[in-house]
Amino acid sequence: MPIPTVYYLVVAAALFIIGTIGVVTRRNVVIILMSIELILNAVNLNLVAFSQLYGLHGQVFSIFVMTDAAAEAAVGLGILIAFFRNKETVNVDEIDLLKW
Amino acid sequence: MLMNALPMLALFQTDMEPVAPRFFFYMLSGIALVSAIMVITRKNPVHSAISLIFTLLSLAGLYLMLYAPFVAGVQIILYAGGIMVLFLFVIMLVNLERNLKEEQFNRQWVVGILATLSLAALVAYVYVKGKSVFPDRVAQLPESLNVQQIAIGLYQNYMLPFEIASLLLLVAIVGAVVMAKKRI
């Protein structure tokens with residue numbers, strides 16, 4: 001008896017929720033970026049689980065999602081380094097130059 | 001003309017032996033979820049990064065169980081090997097001792113957790129109500145042809161998105177260099 005697709009979807013939803021909690025509660029930018037990676041991985045797991053039902057398109061699309069994740073990590077960490085050089089902090093609630 | 005080039009193998013079978021016993025599914029998803037929780041609760045970012053590596057590796061195992069060996073390999077090489085090294089480098093660059101003594105969660109954490117749990121309740125409601133939408137039968141995709149079929153998909157059906165992805169990576173490289181360099 002193979003494992004039903006819904007099980008994979010539940011695991012992916014749990015990963016997505018954990019990643020969202022990390023994004024909205026943590027202060028450290030590095031951990032927020034890691035939580036975004038968790039969210040993207042949850043989406044990838046959904047895509048691959050559906051590719052078991054509807055053909056290989058989901059696996060091809062998950063490759064594109066991984067490309068996006070790599071680009072996002074590179075640019076996000078570049079922004080983080082540029083910011084850290086100016087303000088010596090990695091906490092998001094101290095990044096308030098545009099707030100008055 | 002090319003829309004049918006990606007072979008859609010619809011060998012629906014219900015009594016096929018799974019690729020790995022059910023125990024492995026529970027073990028891998030348990031490791032993935034526990035280390036995902038550790039990612040968002042650890043104080044030291046290095047510990048979070050190592051937990052994230054465990055999550056990524058167990059997700060690669062789940063991809064193998066889903067007959068997706070190419071995606072599993074790309075996951076290990078690109079995520080666990082590439083992106084996580086980048087993360088660890090940046091953690092080493094910006095790590096502060098005083099950061100460990102500070103408050104790790106922001107002021108809105110109660111509201112954030114409540115909002116996210118309501119999202120979780122919505123997802124759970126949808127999955128409980130719509131469980132019959134997802135069919136139980138699974139297409140057994142032949143593993144030996146997986147890489148060839150994904151290559152056919154990438155270079156025929158999804159040729160334009162593939163080129164756009166290469167442009168995106170070029171922009172990301174230039175953007176990261178421009179951001180992180182002191183004077184250009």
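**Exercise 1. State how chain B is divided and how its secondary structure is arranged.**

Chain B is divided into domain 1 (13-100) and domain 2 (141-184), with bounds taken from an automatic or database domain assignment. This is a predicted model, in which local features need pLDDT of at least 70, side-chain atom pairs count only at pLDDT 80 or more, and totals for chains, interfaces and linings use all residues. Residues are numbered from 1 along each chain as its sequence is written, while chains are lettered from A and ligands numbered from 1 in the order in which they are written.

Step 1. The C-alpha centres of domain 1 of chain B and domain 2 of chain B are 21 Å apart.

Step 2. Chain B contains 7 helices and 2 strands. Helices (H or I, at least four residues) and strands (E, at least two) are DSSP runs, numbered from the N terminus.

Step 3. Along the sequence, the pattern of chain B is β-α-α-α-α-α-β-α-α.

**Exercise 2. Describe the side of chain A that touches chain B.**

Step 1. Chain A contributes 60 residues to the contact and chain B contributes 71 residues. Two residues are in contact if their C-beta atoms, placed from the backbone, lie within 7 Å.

Step 2. On the side of chain A that touches chain B, the elements giving two or more residues are helix H1 (5-25), helix H2 (29-54) and helix H3 (57-87) of chain A. H3(A) gives the most, with 21 residues.

Step 3. By type, the residues on this side of chain A are 41 nonpolar, 15 polar and 4 charged. Here Ala, Val, Leu, Ile, Met, Phe, Trp, Tyr, Cys and Pro count as nonpolar, Asp, Glu, Lys and Arg as charged, and the others, Gly among them, as polar.

**Exercise 3. Determine which residues of helix H1 of chain B are buried, and what they pack against.**

Step 1. Helix H1 (residues 22-41) of chain B has 20 residues and spans 29 Å from its first C-alpha to its last, close to the 28 Å expected at 1.5 Å a residue. The expected span is 1.5 Å times one less than the number of residues.

Step 2. A residue is buried if 20 or more other C-beta atoms lie within 10 Å of its own, exposed if 12 or fewer, and partly exposed in between, with C-beta atoms placed from the backbone. The buried residues of H1(B) include Phe25(B), Leu28(B), Ala32(B) and Val39(B).

Step 3. The buried residues cover an arc of only 140° around the axis, so they are on the same side of H1(B). The arc is that of the directions from the helix axis to the C-beta atoms. On the other side of H1(B), Phe23(B) and Gly30(B) are exposed.

Step 4. The buried residues of H1(B) pack against H1 and H2 of chain A together with helix H2 (45-65) of chain B.

**Exercise 4. Place Val11(A) in its surroundings.**

Step 1. Val11(A) belongs to helix H1 of chain A.

Step 2. Val11(A) counts as buried because it has 23 C-beta neighbours inside 10 Å.

Step 3. Apart from neighbours within four places in sequence, Val11(A) is in contact with Leu45(A), Ser29(B) and Ala32(B).

**Exercise 5. Locate Tyr67(B) and Glu88(A), and state whether each is buried or exposed.**

Step 1. Tyr67(B) is in the loop between H2 and helix H3 (69-94) of chain B, and its phi is near 60°, a positive value. Tyr67(B) is buried, with 21 other C-beta atoms within 10 Å.

Step 2. Glu88(A), in the segment after H3 of chain A, has a positive phi of about 60°. Glu88(A) is exposed, with 11 other C-beta atoms within 10 Å.
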